[in-house]
Structure formats: structure tokens, C-alpha cells
Amino acid sequence: MAPPPAALLLPALAALLAAPAAARAPPRSIAVVGAGLGGSAVAYFLQQHFGPQVQLDVYEPAGVGGRLATVTVNKQQYESRGASIHALSLHMQDFVKILGLKHRREVAGKSAIFSGEHFVLEETDWYLLNLFRLWWHYGISFLRLQMWVEEVMEKFMRIYKYQAHGYAFSSLEELLRSLGGDAFVNMTQRSVAESLLEVGVTQRFVDDVIAAVLRSSYGQSVLVPAFAEGRALYQVHYEGSEGQGSAFYDMVVVTTPLHPSRSNFTFENFEPPIADFPGAFQPSVTSVVHGYLNSSYFGFPDPKLFPFASILTTDTPNLFFNAMDNICPVNISAAFRRKQPQEAAVWRVLSQQLLDKQQLKTLFRSYYSVQVTEWQAYPRYDAAKSLPPIVLHENLFYLSGVEWVASSMEMIAVAAKNVALLAYNRWHQDLEKIDQKDLMHKVKTEL
Ligand SMILES: Cc1cc2nc3c(=O)[nH]c(=O)nc-3n(C[C@H](O)[C@H](O)[C@H](O)COP(=O)(O)OP(=O)(O)OC[C@H]3O[C@@H](n4cnc5c(N)ncnc54)[C@H](O)[C@@H]3O)c2cc1C
């Protein structure tokens with residue numbers, strides 16, 4: 001595992017002898033560039049498909065994990081980046097089992113949406129009252145949203161069946177089309193707001209609720225697209241603390257974004273040339289603050305009465321943060337309880353820019369520590385772009401393009417499984433298993 005970072009890649013020998021499909025030996029060696037979730041998952045799936053005899057090298061300049069990481073406060077670890085996994089994220093749930101991890105107990109905590117001046121929506125302890133408030137403010141928009149999400153999820157879940165039967169897709173468009181037809185492909189070209197308004201959700205619900213949820217997860221406005229969800233040898237050159245080196249591979253998977261604002265990876269001597277893909281990444285800042293919340297700023301002069309553990313925000317000019325959460329450590333005991341609002345607690349604040357002293361003082365009466373991570377967090381979804389390719393060259397694959405459909409752990413895991421299946425099916429010339437139409441019907445009749 002993990003020689004130093006890969007710097008550039010060249011195809012050394014094109015089209016060596018191809019063995020007949022059935023008798024073809026597995027590749028001798030495969031390189032995976034990047035060891036975030038995508039690189040780790042694709043390495044796992046490739047080994048699963050090609051077998052343990054294939055040598056797999058993973059190139060990573062930083063630690064394993066990429067955009068999944070923790071920070072330590074008072075000897076306890078807290079998730080500073082990607083943290084939540086949906087119960088229906090089947091690949092991620094599998095990883096949890098395979099790695100012997102435990103689900104963390106839910107610690108109750110209420111949410112509210114802040115406009116910069118007041119809360120536009122507040123969760124209460126009573127389910128029926130919450131429903132009533134949603135209905136009172138937004139009519140049946142929340143029901144329409146729920147129905148839309150369920151329909152999208154139901155179609156998305158088809159991918160697990162296809163993958164269980166070994167089917168793969170050579171482009172993101174083919175993958176999306178197989179799940180939900182052209183409507184799914186079109187969803188990457190239009191905003192969430194457009195899709196929701198079309199199914200009857202009101203503009204007010206979009207402005208108050210959907211914008212707040214998206215600002216907390218993507219740090220962007222409601223303009224994100226509606227899913228935000230023969231033989232060549234390649235030479236990998238790398239450079240690290242011990243100097244430079246290079247190695248040859250039958251197959252390479254790149255799992256780090258190839259966009260001007262992120263890429264530190266180049267391709268040489270490819271015909272046609274492979275360059276970065278258009279599109280930029282959204283800068284984002286996470287500040288993990290251990291301190292006392294300034295509840296007065298939120299309209300609660302008595303800190304004991306502040307009821308929320310999670311504060312989302314509307315898209316208000318000059319509001320300097322996107323969301324903040326009172327976070328719990330990674331490992332919590334059965335006796336763990338959330339801190340009282342007047343006690344010092346650990347808060348994760350998401351913002352577009354670095355918070356200055358004055359802004360920190362606005363949110364916190366006082367604090368013991370602030371740990372800041374600045375990064376290019378997600379694609380900027382503000383302009384419709386064509387989706388990046390998966391196949392860059394014969395046995396050279398690109399995984400991270402899926403982030404332009406949606407940037408989430410499960411999306412990356414689905415793409416990792418797809419790349420492993422695609423690499424395997426292409427290697428063995430099993431073309432029946434690539435880009436097949438009418439797959440729902442096929443998988444039913446295969447059973
Ligand atoms: C603040 C935040 C909160 C999030 N919350 C959630 C959440 O709650 N739920 C969810 O599902 N998703 C969440 N996400 C999204 C999720 O974290 C990402 O989709 C996922 O971790 C991306 O994994 P990746 O492997 O594709 O990319 P990365 O994790 O970025 O991995 C790429 C790796 O490539 C390495 N690399 C770069 N250049 C080179 C090179 N030249 N050679 C070799 N290696 C290189 C990098 O060091 C990095 O380790 C969140 C993201 C952020 C930023």
C-alpha cells in the first residue's frame with residue numbers, strides 16, 4: 001500500500017497481445033490513485049473481482065480517508081467532515097459491517113432554521129406539532145417533497161440489483177438512464193428548485209427549508225442539480241519524501257478530482273490528450289469550536305433555555321455561516337448525554353470563508369479551542385456541465401466524476417463498485433455485462 005503521491009502517468013506500451021476472453025489471465029498489477037473513500041472502496045472491489053493474486057498499489061500523499069476525517073478535542077475524536085450515512089446506503093452499510101464498526105447511538109437534539117435575525121422554523125419535541133407547523137407554513141409541500149424523494153430513491157435502489165448481477169456502465173449518463181431514464185440524466189442539468197417546483201412544492205418551502213438543508217450539506221444555494229446523488233501498460237510516476245519513482249501497471253483508477261481547482265495530477269503522451277475537466281470546486285471551511293454558545297445572538301438571552309442542537313440557515317446576504325451543529329464524539333458511552341446549552345460544548349460550524357475573531361465572538365461567548373479545515377469541498381453545481389467520462393483510456397478509469405451527479409459517500413461507493421465491475425467486464429471482454437438496456441427486465445428474468 002501507499003507509495004508517495006502519483007504525479008504523472010504515461011501509456012508505455014499500447015496494445016500488447018490480447019489473450020482469448022475465457023483464458024485471459026487477470027491483470028498483474030493495478031494502481032489506484034488516491035485513498036479517500038473512493039480509492040479505498042475501488043481497491044476493495046477490484047481485489048474482490050480480480051482475486052488476491054493481483055498486486056494492488058494505492059498512491060496517497062496524505063493519510064487514508066481524504067474528506068472523511070476526525071479532529072481531537074479533549075482526547076475525544078469528533079467527525080469534522082463527511083459523517084452521516086443513510087440507512088439505505090447499502091454499500092456503506094456493508095463497509096460498516098466488514099470493518100466491524102458499530103452504529104453510534106442517536107443522541108436526541110432538535111433543529112431549527114435561522115434567517116440571520118430569527119428562526120423561521122423550529123422543531124419541537126412533539127411529532128404532531130412539527131407536522132402541523134410544516135403544514136401551517138408550507139401547505140402540503142413537505143408531503144410532495146417526501147413523495148418525490150421516495151420515487152427517486154426507489155429508482156436509485158435498482159443499482160444494487162444491477163451490480164449484484166455484475167452489470168456495469170461505461171458512462172455516468174448510461175448509469176443514470178438505466179435507473180430512471182432520461183429524467184434522471186436531466187436532473188443533473190437542472191436545479192433542485194426547478195425539479196421541486198415542478199412537482200408542486202412551493203417557492204417558500206424551497207427558500208426556507210430546501211435552501212437551508214443544501215447550505216448545510218453543499219454550502220450552496222438551491223441551484224444545485226437535482227441529484228444532490230488489446231492491453232496497454234501505464235507508467236505511474238510519483239514523488240515523495242524519499243524521492244521520485246515510477247512503476248508499470250496493467251490498469252489504473254484515478255480517484256482524485258481532475259478539475260483545475262483540485263487537480264495536482266497530469267497525464268502525458270496520451271492521444272488524444274487527457275486534460276482536466278471543466279468546472280470548479282466550492283471552497284468550504286469547517287471550524288470545530290469548543291466553547292460556550294452565545295445564545296443571545298439567536299434571541300435566547302438565557303442560555304439555559306436555548307433548545308437547539310442543530311442550526312441551519314436560509315440563503316440570507318451577509319449571514320457568515322451556513323450551519324452549526326453541537327456534535328457528539330465518535331465513541332460515546334451508554335451514559336453519554338448531550339451538554340446542557342449553558343455548558344461548554346463542541347460545535348461544528350460550516351462557512352464559506354474563514355471565520356474571523358469578531359464572527360467567532362458573535363457565535364460564542366467564549367471558547368477554549370478552534371480547529372479549522374479549509375478545503376475545496378464539493379463541485380460547484382451552479383452551471384450545467386456535461387458529466388465527466390469514466391473511461392479515460394483502454395484500462396484507465398476515472399471515478400471522481402460521479403461527484404458531478406452528487407457528492408456523497410454512497411454515490412462514491414456505487415461508482416467504485418461500477419468501476420471495478422466495468423474494469424473486470426472489459427478485461428474479460430464480457431460485453432453483455434456493459435451498458436445493457438432494459439436491465440430491470442433482464443435481472444428479473446435472470447433470477
Ligand atoms: C464538510 C463535509 C461534510 C460531508 N458530509 C457528508 C455526509 O454527512 N454524508 C455523506 O455521504 N457525504 C458527506 N460528504 C461528502 C463525502 O465526504 C465525500 O463525497 C467523499 O468522502 C469523497 O471521497 P473521495 O474518495 O471521492 O474523495 P477524497 O476523500 O477527496 O479523496 C481523494 C484522495 O486523493 C488524494 N490525492 C490527491 N491528489 C493525489 C495525487 N496526485 N496522487 C495520489 N493521491 C492524490 C487526496 O489526498 C485524497 O485523500 C461531506 C463532505 C464534506 C467536505
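**Exercises on a predicted model**

D438 is located in the loop that connects α10 and α11; helices (H or I, at least four residues) and strands (E, at least two) are DSSP runs, numbered from the N terminus. The model is predicted, so local features need pLDDT of at least 70 and side-chain atom pairs count only at pLDDT 80 or more, while totals for chains, interfaces and linings use all residues. Residues are numbered from 1 along each chain as its sequence is written, and side-chain values use heavy atoms, with hydrogens and water left out.

**Exercise 1. Backbone of the α10-α11 loop**

Task: State the phi of D438 and of Q429, and decide whether each counts as buried, partly exposed or exposed.

Solution.
Step 1. D438 is a residue other than glycine, yet its phi is positive, near 50 degrees.
Step 2. Accessibility is classed as buried under 20% relative accessible area, exposed over 50%, and partly exposed in between (1.4 Å probe, protein chains only). D438 counts as exposed because its relative accessibility is 52%.
Step 3. Q429 lies in the loop between α10 and α11 (439-446). Q429 is not a glycine either, and its phi is positive, about 55 degrees.
Step 4. Q429 has a relative accessibility of 47% and therefore counts as partly exposed.

**Exercise 2. The five-stranded sheet**

Task: Give the strand order of the sheet that contains β10 and β18, identify its edges, and describe the helices that pack on it.

Solution.
Step 1. The order is β3-β2-β10-β18-β17 in an open sheet with mixed pairing; two strands pair if DSSP finds at least two bridges between them.
Step 2. β3 (55-59) and β17 (391-393) stand at the edges with a single partner strand each, so one side of each has no neighbour in the sheet.
Step 3. From one strand to the next, the twist averages 20 degrees.
Step 4. β17 and β18 (residues 396-398) run antiparallel and are joined by two bridges. V391 has F397 in β18 as its bridge partner.
Step 5. Helix α1 packs on this sheet, where it touches β2 (29-33), β3 and β10 (251-254), and its direction makes about 165 degrees with that of β2. Contact means heavy atoms within 4.5 Å; axes are lines fitted to C-alpha atoms, for helices over the stretch in contact, and angles run from 0 to 180 degrees between N-to-C directions.
Step 6. Helix α10 also packs on the sheet, touching β10, β17 and β18, with its direction at about 160 degrees to that of β18.

**Exercise 3. Helices α1 and α2**

Task: Determine which residues Y44 contacts beyond its sequence neighbours, and list the buried residues of α2.

Solution.
Step 1. Y44 belongs to helix α1 (residues 37-50).
Step 2. Y44 is partly exposed, since its relative accessible area is 31%.
Step 3. Apart from neighbours within four places in sequence, Y44 contacts F95 and I98.
Step 4. In helix α2 (residues 90-98), the buried residues are H91, M92, Q93, F95 and V96.
Step 5. These buried residues pack against α1, α5 (158-164) and α10 (409-427).
Step 6. After α2 comes G100, with a positive phi near 70 degrees.

**Exercise 4. The seven-stranded sheet**

Task: Work out the order of the sheet that contains β12 and β16, then characterise the pairing of β12 with β16 and the packing of helix α8.

Solution.
Step 1. Seven strands in the order β7-β6-β13-β14-β15-β12-β16 form an open sheet of mixed pairing.
Step 2. Its edge strands, β7 (119-122) and β16 (364-379), each pair on one side only.
Step 3. Strands β12 (residues 281-293) and β16 run antiparallel and are joined by 13 bridges. Within β16, W375 stands opposite S284.
Step 4. Helix α8 (residues 203-217) packs on the sheet and touches β6 (110-114), β7, β13 (308-313), β14 (323-326), β15 (345-351) and β16. The direction of α8 makes about 105 degrees with that of β13.
Step 5. In the loop between β11 (266-267) and β12 lies P272. The peptide bond joining E271 and P272 is cis, with omega about -5 degrees.
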